[in-house]
Amino acid sequence: MTQAQPLFRFAPSPNGPLHLGHALSAILNHDMAAKSGGRFVLRIEDIDPARSVVENEQAIHDDLAWLGLEWEKPVRRQSEHIAEYQNRLDRLKELGLVYPAFLSRGEVKAKIAGLQAEKGDWPRDPDGGFHYPGDDRQRSREEAESLIDAGVKHAWRLDMKQAVGMLEAPLFWREISTGQEVRVAADPASWGDVILWRSDAPSSYHLSVVHDDYLQGVSHVVRGMDLYHATSVQRLLQVLLGLEEPVYFHHRLVLGPDGRKLSKSEKSKSLGALRAEGATPSDIRRLVGL
């Protein structure tokens, strides 16, 4: 898909209020779009029904408007496009690159504990999570289908070894955060067999984000450094699904007093709370170093 104008997107999840880290990302996307004569869109990544809250979605709109940002309408909401993500998963099934994963979190934890006792360290992904054990990958098709027919809860995971084996050339992504474009070597195998379709929610972040970025014609993905390594998985999916790649700009993170990145789960102070305390949009830009 050829994009005549640069297109930037801010894509928060409505699972909590926005904080200063979100403000930095939203403002950078908005300002870079304006500077390049491009477009700026808002996407609501509400793929997880258990954590997505309508009030938080409205608060996102309110916070961004207060910051003085303007975006194109209508806003894309992932929950309205589940069938599109299913089509992408079906394509990977046709290629033989995904498998049903039946182990629960408790079973995975117990299995890895046993493997560590037997073999020592078990590989971890760049975020520190353990790689999924290979039990389900080794099941026969007949056994897997029998479990599915019996209603056993399962997710769908990417067979990373098979997927990487399909690559015809080394995998890279284009990074422009240093002011010039550089090619960064991607290492999707470091993530193990990532989940592409969850048992408790449709799709997954990796699958839905590459589809949406392609469909919307996103040319520049501007986001925090906490997603830097995840780019490897997304580039792999783009190649497997024949999707055009954007360029990436991974910006610094806004850190709290304890030196850790701001987080919804850690109840970092929200933009709404700062506004209630009398902060102005100019104050927010100053607080995030802009």
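Two strands count as paired if DSSP finds at least two bridges between them. The model shown in these close-ups is predicted.

**View 1. Strands β4 and β5 pair in the antiparallel sense.** Four bridges join β4 to strand β5, which covers residues 155-158. That meets the requirement of at least two bridges. Within this view, A101 stands opposite A155 of β5. Strands in a sheet pair through backbone hydrogen bonds, in either a parallel or an antiparallel arrangement.

**View 2. β4, β5 and β8 build an open sheet of three strands.** The strand order is β4-β5-β8, with antiparallel pairing. Which strands stand at the edges? They are β4 (98-101) and β8 (195-197). Each has a single partner strand, so one side of each lacks a neighbour in the sheet. On average, neighbouring strands here are turned by 45° against each other, direction ignored.

**View 3. The second largest pocket is lined by 16 residues.** Its volume is about 370 Å³. Nearest the centre of this pocket lie V98, Y99, P100, R141 and W156. Two elements, β4 and α5, give two or more residues to the lining. The largest share comes from α5, with four residues. What is the make-up of the lining: how many residues are nonpolar, polar and charged? Seven are nonpolar, two are polar and seven are charged.

**View 4. R141 forms a salt bridge with E145.** The closest N and O atoms of R141 and E145 are 3.0 Å apart. Both residues belong to helix α5 (residues 141-149). They are separated by about one helical turn, because they lie four residues apart in that helix. Is R141 buried or exposed? R141 is exposed, with a relative accessible area of 64%. Its partner E145 is partly exposed, at 38%. R141 also appears in View 3, among the residues nearest the centre of the second largest pocket.

**View 5. A salt bridge joins the side chains of D212 and R76.** The N to O distance is 2.9 Å. This pair links distant parts of the chain, 136 residues apart. D212 sits in helix α7 (residues 205-216), and R76 in strand β3 (residues 72-77). Why does R76 count as buried? Its relative accessibility is 10%, and buried means under 20%. D212 is buried too, with a relative accessible area of 0%.

**View 6. R174 and E245 form a salt bridge between distant parts of the chain.** Their closest N and O atoms are 3.8 Å apart. The cut-off for a salt bridge is 4 Å. R174 lies in strand β6 (residues 172-175). E245 lies in the loop between α8 (231-241) and β10 (247-251). The two residues are 71 apart along the chain. R174 counts as partly exposed, at 26% relative accessibility. E245 also counts as partly exposed, at 27%.

**View 7. Salt bridges that share partners create one network.** Which residues does this network join? They are R9, R43, E45, R76, E84, D212 and D213. The bridge between D212 and R76 from View 5 has a distance of 2.9 Å. Overall, the model counts 25 salt bridges.

Definitions and conventions. Residues numbered from 1 in each chain as written. Predicted model: local features only at pLDDT ≥ 70, side-chain atom pairs only at ≥ 80, totals over all residues. Heavy atoms only, no water. Buried < 20%, exposed > 50% of the residue type's maximum accessible area, 1.4 Å probe, protein only. Axes fitted to C-alpha atoms, helices over the stretch in contact; angles between N-to-C directions. 1 Å grid on protein atoms, 1.4 Å probe; cavity = no way out; pocket = protein on both sides within 12 Å on 5 of 7 lines; lining within 4 Å. Points joined across faces, edges and corners; volume = space filled by probe spheres on them. Nonpolar A, V, L, I, M, F, W, Y, C, P; charged D, E, K, R; others polar.
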